[in-house]
Amino acid sequence: QDQSKFNKQADKLQQHLKNDFFSLSFLVQGLADFRPERVAGHNGFNINYGRFKLSGIFDNKFGYNLQATMLKSPSVIDANIYFKPISNLSIKTGLFKSPFTHEYLTGASSILFIDRSVVVNQLGTKRQLGIQVDTYTSNQRFRFTGGVFNGNNYGGNNNADGHFQYIGRAEAYLGQNSTSTAKVGVSISHEQKDTPATSGNLQSTFQGKQTLIGSYFSINQNKLLLDGEIIYGWMESPNDQEYNPYGYYFTAGYDVTPVSQLLLRWDSFSGESLTGDMDSIVAGFNYVPNKFTKLKLNYILPTDRAAEYSNFLAAIQIGF
Amino acid sequence: QDQSKFNKQADKLQQHLKNDFFSLSFLVQGLADFRPERVAGHNGFNINYGRFKLSGIFDNKFGYNLQATMLKSPSVIDANIYFKPISNLSIKTGLFKSPFTHEYLTGASSILFIDRSVVVNQLGTKRQLGIQVDTYTSNQRFRFTGGVFNGNNYGGNNNADGHFQYIGRAEAYLGQNSTSTAKVGVSISHEQKDTPATSGNLQSTFQGKQTLIGSYFSINQNKLLLDGEIIYGWMESPNDQEYNPYGYYFTAGYDVTPVSQLLLRWDSFSGESLTGDMDSIVAGFNYVPNKFTKLKLNYILPTDRAAEYSNFLAAIQIGF
Amino acid sequence: QDQSKFNKQADKLQQHLKNDFFSLSFLVQGLADFRPERVAGHNGFNINYGRFKLSGIFDNKFGYNLQATMLKSPSVIDANIYFKPISNLSIKTGLFKSPFTHEYLTGASSILFIDRSVVVNQLGTKRQLGIQVDTYTSNQRFRFTGGVFNGNNYGGNNNADGHFQYIGRAEAYLGQNSTSTAKVGVSISHEQKDTPATSGNLQSTFQGKQTLIGSYFSINQNKLLLDGEIIYGWMESPNDQEYNPYGYYFTAGYDVTPVSQLLLRWDSFSGESLTGDMDSIVAGFNYVPNKFTKLKLNYILPTDRAAEYSNFLAAIQIGF
């Protein structure tokens with residue numbers, strides 16, 4: 001009964017703010033972060049997300065996304081336009097998530113834990129300025145996506161070095177039915193960077209030639225969820241030093257009730273002298289009291305240092 | 001008749017943009033600032049406010065606010081989530097106005113003068129990242145609010161020093177009827193600051209231990225308005241120097257016509273060597289031609305320096 | 001038939017998001033920029049525009065505009081309020097486009113080429129904080145606009161030097177009928193600048209006394225379009241050096257089909273030792289597949305340097 005009130009509001013909201021050609025969304029998430037011992041920062045409160053998004057598509061052909069955050073500057077997150085000449089083909093240009101990792105391409109309101117895995121944060125290719133082609137086979141079983149990007153994120157709203165980043169991905173969808181879905185994918189990224197980014201993750205601040213290969217899977221069966229991802233990098237600095245940072249995560253999840261979920265993750269990353277290693281186990285509990293609200297509790301236990309460096313995180317989000 | 005046109009538009013706007021679960025608001029205010037002699041700055045034009053806000057509550061239980069300004073960066077003003085398990089109790093987390101001063105908690109479009117009083121600007125606790133509990137007695141006569149905050153405003157979206165700011169407030173509502181309302185309140189704030197904020201008001205840039213006590217009242221009776229507030233501070237620097245900055249304002253207002261109001265304020269602040277003293281009389285005239293527009297004229301006469309340093313301000317705002 | 005689908009969506013969108021008193025608009029434009037040889041920057045992708053706008057007018061009397069970009073900070077573009085006591089008179093204050101050039105006052109989604117002309121970018125007066133009066137003769141044949149502005153754009157949200165910029169413009173509309181329109185105008189701007197802007201165009205970064213005179217015309221007849229503009233400047237530096245930068249453009253356009261247009265422009269600017277000269281021919285092709293989408297291709301051939309410095313630009317925009 002309580003749930004049906006929310007459903008009615010959801011329907012009204014849907015009619016009011018969501019059309020094919022215009023949809024307004026927003027996401028706010030507050031966070032409390034506590035650690036008995038800290039390497040950096042202080043215990044306290046943060047805002048994770050404070051965003052709004054305009055999106056839509058005209059006549060199922062010409063679509064757009066404009067997403068902005070209130071928390072940093074410039075505030076742009078997504079600003080792109082896409083064209084679908086036929087239903088299985090989409091050509092997109094502007095600023096958007098490059099087609100590389102499974103977890104990074106999962107939306108901020110839908111990721112399993114409060115933070116993404118270390119390997120995705122360190123080696124994943126993020127939002128880029130560029131152009132991509134995205135296509136499905138007619139039976140929707142296979143998807144191929146490839147694009148050319150500036151390679152330096154939104155940095156300065158231009159290409160920092162005249163070189164481009166090339167990214168390609170193949171995905172297969174197996175056994176999509178009412179109680180189970182399965183997805184596997186493999187992706188590759190290559191770029192030459194003459195100008196390292198002043199900020200960002202390892203792969204965007206490194207200078208030199210870098211190739212990344214990633215592979216991932218995601219399985220939902222009844223109440224069970226399994227997903228995992230591995231990214232391996234070949235990075236060659238201008239003085240011919242080669243580095244091979246890599247990492248992976250593996251997640252198991254179980255729906256304890258229809259509105260709550262327990263999660264466990266092995267999260268591992270090897271920075272190979274470019275940045276620190278990180279190994280940890282993450283336990284998570286998600287509670288979804290209604291369609292618009294989610295509570296997340298995470299406990300991160302480092303397995304490569306003392307338990308005092310454990311991290312307790314509590315986040316609450318509202319969004320639609 | 002003219003007024004009824006605006007009322008019709010207001011109703012349409014209300015239906016169109018204001019729902020329980022989603023409400024869009026905005027506020028724009030332009031300002032002209034002239035002084036015969038100036039200590040700083042130049043005569044000219046400014047924009048005071050250029051903001052929009054998304055807010056709502058689902059099933060009267062899960063609410064949110066997201067407010068952003070176009071005039072500074074990061075643009076976040078409010079980003080918070082609240083939960084009302086019962087109607088007299090609200091638990092709020094994220095970024096929001098800490099429960100301390102009467103005038104600071106009055107919204108930007110509703111404050112009496114163009115600027116807030118000096119004591120509120122200097123010693124008032126402002127927006128903070130944290131968590132608060134807000135509760136009313138069942139007869140709605142008394143309200144108690146208390147919270148724990150990072151204590152360094154939005155600065156860096158984290159806690160600058162690991163210490164927290166504790167704020168509590170008690171409010172009483174007396175004689176609420178159709179022609180008169182009265183409110184009195186008392187509030188206290190305590191924090192230890194190891195890292196002074198690089199910008200903000202006196203209480204946020206001071207380093208050391210600081211306790212603030214405030215008290216205020218606000219009375220509306222027929223066409224008459226009276227309000228006032230006093231804040232007193234105990235500030236102890238790390239080398240055991242103690243300072244007691246304090247200040248107060250007292251305002252009298254009279255509704256000359258249903259759409260215009262005359263105001264007079266005594267505004268006093270003593271910075272006790274931490275910052276300059278300030279004593280002035282502010283005369284104000286507000287004109288509200290319709291529900292969406294307000295014109296404000298302010299004349300500020302300093303009583304502690306020559307009349308040439310008087311300040312003439314004219315502001316016009318549109319918002320809903 | 002395809003076009004009628006878009007028209008239906010346009011009508012629904014109009015009803016949904018566009019009222020007299022509240023209208024939401026947005027504009028996203030992605031750009032690819034390639035040159036065989038470059039003086040500065042690198043070939044790659046950019047975002048030109050990522051904006052949203054709230055605007056409206058209550059009872060045809062009190063209006064507002066709030067426009068923000070996601071691409072820079074502070075994000076404010078327009079923040080103004082206007083009052084129309086009678087239909088032929090408007091008084092506007094806040095931040096808005098100062099009434100000087102024809103092309104700069106043409107909206108971002110409607111300008112003919114991807115970039116505005118060099119003379120308008122270098123000598124045109126841009127958005128300013130101030131106040132203006134805008135009036136039409138009763139037959140709508142003549143329009144006079146004049147205003148007083150801070151003179152340093154939005155820089156710091158204040159007047160940088162206490163001097164004001166005075167701008168006036170007269171426009172005449174000739175032969176407005178169903179197949180042809182014609183407009184001519186002349187404008188003047190004068191200011192004394194004690195503090196040069198740290199960024200902006202030539203006229204805003206110059207220090208000293210400066211007077212600018214501009215004149216323009218714009219003719220649409222059947223499928224033909226002709227427009228042009230000239231701006232001439234008198235700039236006197238504090239050490240009595242005088243400079244006379246000036247420039248002009250002339251454009252011819254032809255509607256090849258109802259949804260596509262060919263354009264040719266002569267674009268010339270003489271910086272007179274204050275900044276570089278620039279002479280080029282710009283060829284453009286615009287394609288408008290529907291009311292919300294526009295594709296622009298531009299080829300810029302410099303006539304004062306080698307053809308290798310030619311610039312190829314492709315832009316796609318979605319907006320409403």
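**Exercise 1. Charges over rings**

Task: In this predicted model, find the ring that K97(B) lies over, and the ring under the charged end of R265(A).

Solution. Start with the lysine: K97(B) lies over the face of Y104(B), and the distance to the ring centre is 5.0 Å. The cut-off for a charge over a ring is 6 Å from the centre, so K97(B), at 5.0 Å, passes on distance. Now the arginine: the charged end of R265(A) sits over the ring of Y249(A), 4.1 Å from the centre of that ring.

**Exercise 2. Aromatic pairs**

Task: How many aromatic pairs does a search of the whole structure find, and which residues form a cluster with F21(A)?

Solution. First, the count: over all chains, the search turns up 54 aromatic pairs. Next, the cluster: F21(A) is joined by F22(A), F58(A) and Y64(A), plus F26(C), F292(C) and F320(C). Chain A and chain C both put rings into this cluster.

**Exercise 3. Laying one copy on another**

Task: Work out what kind of axis relates chain C to chain A.

Solution. Superpose chain C on chain A: a turn of 120 degrees does the job, with a shift of 0.0 Å along the axis and an RMSD of 0.0 Å. That's the relation of a three-fold axis. Looking along chain C for the C-alpha nearest the axis, you land on S73(C), 3.6 Å away from it. Finally, check the contact surfaces: 8% of the contact residues of chain C recur in chain A, and the copies use different surfaces.

**Exercise 4. The largest cavity**

Task: How much space lies in the largest cavity, and what lines the cavity?

Solution. Begin with the list: the structure has four cavities of 30 Å³ or more. The largest of them holds about 150 Å³ of space. Its lining is made of H16, L17, F22 and L24 from chains A, B and C. By class, that gives nine nonpolar and three polar residues, with no charged ones. As for elements, α1 (2-17) of chain A, of chain B and of chain C each supply at least two lining residues.

**Exercise 5. The second largest cavity**

Task: Which residues line the second largest cavity, and which classes do they fall into?

Solution. Volume first: about 90 Å³ of space lies here. The lining consists of L24, F52 and L54 from chains A, B and C. The elements giving two or more residues are β2 (44-58) of chain A, of chain B and of chain C. Sorting by class, you get nine nonpolar residues, no polar and no charged ones. L24(A) turns up in the lining of the largest cavity and also in that of the second largest.

Key:
Residues numbered from 1 in each chain as written. Chains lettered and ligands numbered in written order. Predicted model: local features only at pLDDT ≥ 70, side-chain atom pairs only at ≥ 80, totals over all residues. Heavy atoms only, no water. Least-squares fit on C-alpha atoms with pLDDT ≥ 70 in both. Contact = heavy atoms within 4.5 Å. 1 Å grid on protein atoms, 1.4 Å probe; cavity = no way out; pocket = protein on both sides within 12 Å on 5 of 7 lines; lining within 4 Å. Points joined across faces, edges and corners; volume = space filled by probe spheres on them. Helix = DSSP H or I, 4+ residues; strand = E, 2+ residues; numbered from the N terminus. Nonpolar A, V, L, I, M, F, W, Y, C, P; charged D, E, K, R; others polar. Phe/Tyr/Trp six-rings, centres within 6.5 Å; stacked < 30°, edge-to-face > 60°. Lys NZ or Arg CZ within 6 Å of the ring centre and 35° of its normal.
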